[in-house]
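Q: Could you walk me through this one before I set anything up? I'd like to go topic by topic.

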Number of protein chains: 2
Amino acid sequence: MPSSLKGAAKYLGKPGLISLGGGLPCAENFPIEELTIKVPSPPGFSEEETSKTGTTVTTGKYDVSNGSGAYDLSIALNYGLGVGSAQMIRFVTEHTEIVCNPPYEDWQCALSVGSTSSLEQAYRIFCERGDYVISEEYTFASAVETALPLGIKFVGVQVDSEGLLPNLIDEILTNWDATARKARKPRVLYTVPSGQNPTGATQGTARRQAIYKVAQKHDLYIFEDEPYYFLQMQPYTGPNSPPVPAPKTNEEFLKALIPTYLSMDTDGRVMRMDSFSKVIAPGTRVGWVTASEQIIERFVRHNECSNQNPSGISQLVLYKLLDETWGHHGYLQWLIHLRLEYTRRRDALLEACEKFLPKDIVSWNPPAAGMFSTNKPLTIAEMEDQVFLAAVGNGVLISRGSWFTAEREGFEAHELFFRATFAAATEEKMAEAIYRFGDAVRACFGVSNGGGDVEA
Amino acid sequence: MPSSLKGAAKYLGKPGLISLGGGLPCAENFPIEELTIKVPSPPGFSEEETSKTGTTVTTGKYDVSNGSGAYDLSIALNYGLGVGSAQMIRFVTEHTEIVCNPPYEDWQCALSVGSTSSLEQAYRIFCERGDYVISEEYTFASAVETALPLGIKFVGVQVDSEGLLPNLIDEILTNWDATARKARKPRVLYTVPSGQNPTGATQGTARRQAIYKVAQKHDLYIFEDEPYYFLQMQPYTGPNSPPVPAPKTNEEFLKALIPTYLSMDTDGRVMRMDSFSKVIAPGTRVGWVTASEQIIERFVRHNECSNQNPSGISQLVLYKLLDETWGHHGYLQWLIHLRLEYTRRRDALLEACEKFLPKDIVSWNPPAAGMFSTNKPLTIAEMEDQVFLAAVGNGVLISRGSWFTAEREGFEAHELFFRATFAAATEEKMAEAIYRFGDAVRACFGVSNGGGDVEA
């Protein structure tokens with residue numbers, strides 16, 4: 001049900017009305033008079049360029065009533081709407097239209113406090129205790145760990161280098177035995193289509209279309225979790241080939257992106273989860289979801305009785321940066337900048353892998369999107385602990401594949417892999433880390449160092 | 001269970017370790033280089049004084065590694081710990097020690113994204129579907145509306161001018177008939193001890209001690225929801241008496257505050273919920289809970305798979321203001337300033353009530369804390385709609401008592417009241433609003449205007 005107190009807001013439109021209704025503090029008593037940020041001016045996005053050509057943007061407490069701005073501290077610091085501020089909702093809706101342009105009328109956006117929270121709310125909207133959700137066999141650990149306390153389990157589907165296999169989803173659902181499983185047929189597919197975590201796999205256009213078809217056949221609702229969508233990188237050309245030229249315009253960039261599920265959602269069966277964590281900063285704790293009006297209404301009701309809405313300070317900083325300073329054009333330029341940044345990082349990690357890992361026992365796929373590359377020694381299960389601890393002993397932390405298993409109870413791993421990120425360390429550190437990891441793997445498998453030298 | 005990914009953090013302490021483990025973006029790619037706030041310098045807390053003597057505080061991206069600060073943008077903008085940043089946790093823990101000084105060893109604090117979220121998490125930790133929670137008969141609407149979708153209902157306890165009546169709680173629990181109620185005996189008491197919403201009642205010290213004793217007798221766990229604790233005001237002396245002198249020192253101020261449940265919690269049966277919403281600004285979306293180590297561990301696990309942690313930008317702004325600029329001394333000075341602000345506002349509202357409301361049909365209690373004064377026409381139920389709409393018609397929004405009923409199903413109101421806040425409007429607007437409300441009440445009850453004139 002709608003919140004009684006937030007429902008009273010409908011009367012606030014009456015001209016001249018004085019409200020003694022809601023317990024909103026008076027802006028006078030907010031001890032922050034001004035907030036200033038220094039941000040890059042497109043196209044000079046690097047820290048060095050920003051130190052020279054950056055823009056300084058100041059917000060006052062009463063800019064809106066002074067006519068000097070569309071959002072100010074008196075608004076951002078007070079209670080807000082469960083859907084998010086009008087200012088940020090407008091921006092993310094326009095952005096979603098530019099990128100996804102959903103093919104039905106009544107789609108809407110609502111702000112979230114990040115995609116883990118969106119997902120938790122989506123589980124509570126769509127699932128009941130005892131339900132199964134379908135996902136990649138290895139998936140975002142927090143997606144599973146958020147579901148477990150709600151009594152929701154995962155059915156993992158085997159993947160290839162493009163992720164989820166649609167015929168296997170079809171098979172699982174067609175042969176679903178509710179009695180044997182003690183659970184009704186799954187109604188929800190959770191997927192990370194681009195730069196899947198932890199495998200790094202990205203579903204191509206045809207793969208997405210095929211999966212959407214299976215969803216239609218079995219009336220599955222799709223949770224499209226896309227934190228890495230804008231970390232789709234330039235095609236990987238290998239260590240000795242020239243790189244593919246960068247997109248020259250925003251239009252070229254948008255065309256190079258793989259179509260989203262939302263963009264092919266003729267039925268309104270997709271909730272897309274976007275997040276500023278990977279494209280601006282995780283510390284904003286701001287994301288948004290896009291879905292049909294009915295689903296967004298449920299989502300906002302849930303916001304009202306949990307997190308309420310994202311930090312107004314975060315919303316204000318994002319608005320000032322994205323809308324007022326950069327605009328949509330500048331933001332897309334920033335996303336191209338990020339694409340090239342992550343391409344450079346991935347190439348550095350893969351170069352170190354080529355150089356330092358024993359190819360006879362470790363394999364990897366160059367990722368097309370995201371933050372992760374998966375290293376797969378060619379033997380099974382119980383080595384994981386040994387390799388992980390040997391790697392830590394050698395001074396490198398790398399994530400275990402088993403942390404990401406979708407099915408938790410009684411699951412037996414049939415492959416051993418480790419997830420390395422190219423998002424966090426510098427290029428030199430990445431090379432050093434892969435050198436150390438290679439050493440650890442060699443030691444565990446009793447292979448001598450035939451690879452390169454980190455000093456080289 | 002602990003989050004797998006967050007659990008890996010324990011290896012990060014190893015000297016020289018390079019992490020390719022977690023998908024943490026590199027600070028280089030955060031497009032905010034500097035953040036500056038302008039804040040009041042104690043004791044000049046008003047907007048006017050701040051415009052002259054305010055302090056300007058700037059945070060850079062790498063202040064910590066440069067040695068120029070204890071918290072910076074590279075940390076605040078990245079992923080954080082579920083418990084909150086070390087910096088803010090230290091501040092709120094020290095503050096809680098100063099104010100509550102809990103009488104047992106292993107108490108801890110954890111940040112929240114606000115008390116509605118804390119409460120939702122607390123319900124999920126302590127209750128199961130079908131459970132009843134005990135509370136004031138009229139209570140914070142969102143507390144009930146957050147519980148309902150979790151299958152949790154309320155047992156409302158009648159109150160007097162000091163709120164909850166301990167003997168009635170004892171009676172309800174002693175006579176609890178699990179079969180008739182189709183629910184086990186309640187284990188949780190939810191209460192807003194100071195400036196209760198909506199009644200405005202504040203429990204005195206003896207009342208709190210008596211309620212704690214009943215909690216011990218029936219092994220009740222107490223959710224102490226205290227958004228208005230620091231809005232305890234100066235004693236109300238009436239329209240023609242001189243005001244009570246303000247506290248001269250922080251020590252005097254702290255002594256004037258009614259002891260918290262946490263301060264008398266010898267058993268570890270209290271979770272106190274604090275929020276910056278009423279004392280700094282709701283838009284920060286930052287609060288904290290204090291409880292025993294075991295409960296805090298559960299709370300943090302829940303954070304990890306929902307909201308993660310409050311906005312890093314909010315945490316940074318609060319830290320820079322509260323710790324670095326004001327310190328605990330300055331923050332207590334600010335809280336004294338707020339106390340006097342709210343005293344002034346309450347007195348203005350009550351003065352307008354004295355002047356404009358028909359005393360033969362409306363009564364009120366001067367609140368000792370909080371934001372609300374309750375106006376109680378001396379007849380029952382079905383008038384509520386009529387008075388509310390007449391008030392809106394007259395240009396004043398005031399909250400209906402029925403929005404706050406604790407027991408929702410089949411509850412029949414046995415009294416009619418409206419909640420007015422003295423937090424939001426200016427003193428002139430409050431007078432105008434009460435004048436309009438008085439008119440609406442008179443019109444509904446067919447009483448002619450024998451009261452004052454708003455121009456007077």
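A: What follows goes through the symmetry, the core, a helix pair and two loop positions of this predicted model.

Q: OK, symmetry to begin with: by what turn and what shift can chain A be laid on chain B?
A: A turn of 180 degrees, with a shift of 0.0 Å along the axis, lays chain A on chain B, and the RMSD is then 0.0 Å. The two copies are thus related as by a two-fold rotation axis.

Q: And which residue of chain A comes closest to that axis?
A: That is A:Thr36, whose C-alpha is 2.4 Å from the rotation axis. As for the contact between the copies, the same surface serves both, since 100% of the contact residues of chain A recur in chain B.

Q: Moving inside, how many residues are in the largest nonpolar core, and which have the most contacts there?
A: The largest nonpolar core has 244 residues, and those with the most contacts inside it are A:Tyr123, A:Phe276 and A:Ile280, together with B:Tyr123, B:Phe276 and B:Ile280.

Q: Take A:Ile280, then: what does it touch?
A: Not counting residues up to four places away in sequence, A:Ile280 touches A:Leu318, A:Leu321, A:Leu322, A:Trp326, A:Tyr331 and A:Trp334 in chain A, and B:Asn29, B:Phe30 and B:Pro31 in chain B.

Q: Switching to helices, are H8(A) and H10(A) roughly parallel or roughly antiparallel?
A: The axes of H8 (residues 166-174) and H10 (residues 205-217) of chain A cross at roughly 10 degrees and come within 9 Å. Angles under 35 degrees count as roughly parallel, and H8(A) and H10(A) are therefore roughly parallel to each other. Their crossing is right-handed.

Q: Which residues make that contact?
A: H8(A) contributes A:Pro166, A:Ile169, A:Asp170 and A:Thr174, while H10(A) contributes A:Arg207, A:Ala210, A:Ile211, A:Val214 and A:Lys217.

Q: Now A:Asp131, is that buried or exposed?
A: A:Asp131 counts as buried, because its relative accessibility is 7% and the cut-off for buried is under 20%. A:Asp131 is placed in the loop between helix H6 (115-126) and strand E5 (132-136) of chain A.

Q: What is A:Asp131 in contact with?
A: Leaving aside neighbours within four places in sequence, A:Asp131 is in contact with A:Phe126, A:Gly151, A:Ile152, A:Lys153 and A:Arg184.

Q: Last one, over in chain B: where does B:Pro235 lie?
A: B:Pro235 lies in the loop between strand E10 (221-225) and helix H10 (250-256) of chain B. With neighbours within four places in sequence left aside, B:Pro235 is in contact with B:Val244 and B:Arg346. B:Asn303 is 68 residues from B:Pro235 in sequence and 39 Å from B:Pro235 in space, C-alpha to C-alpha.

Definitions and conventions. Residues are numbered from 1 along each chain as its sequence is written. Chains are lettered from A and ligands numbered from 1 in the order in which they are written. This is a predicted model: local features need pLDDT of at least 70, side-chain atom pairs count only at pLDDT 80 or more; totals for chains, interfaces and linings use all residues. Side-chain values use heavy atoms; hydrogens and water are left out. A nonpolar core is a set of buried Ala, Val, Leu, Ile, Met, Phe, Trp, Tyr and Cys residues joined through side-chain atoms within 4.5 Å. Buried means under 20% relative accessible area, exposed over 50%, partly exposed in between (1.4 Å probe, protein chains only). Contact means heavy atoms within 4.5 Å. Copies are superposed by least squares on the C-alpha atoms of residues with pLDDT of at least 70 in both. Axes are lines fitted to C-alpha atoms, for helices over the stretch in contact, and angles run from 0 to 180 degrees between N-to-C directions. Helices (H or I, at least four residues) and strands (E, at least two) are DSSP runs, numbered from the N terminus. Angles under 35 degrees count as roughly parallel, over 145 as roughly antiparallel, 65 to 115 as roughly perpendicular and the rest as oblique. A crossing is left-handed if the near helix is turned anticlockwise from the far one by less than a right angle, and right-handed if clockwise.
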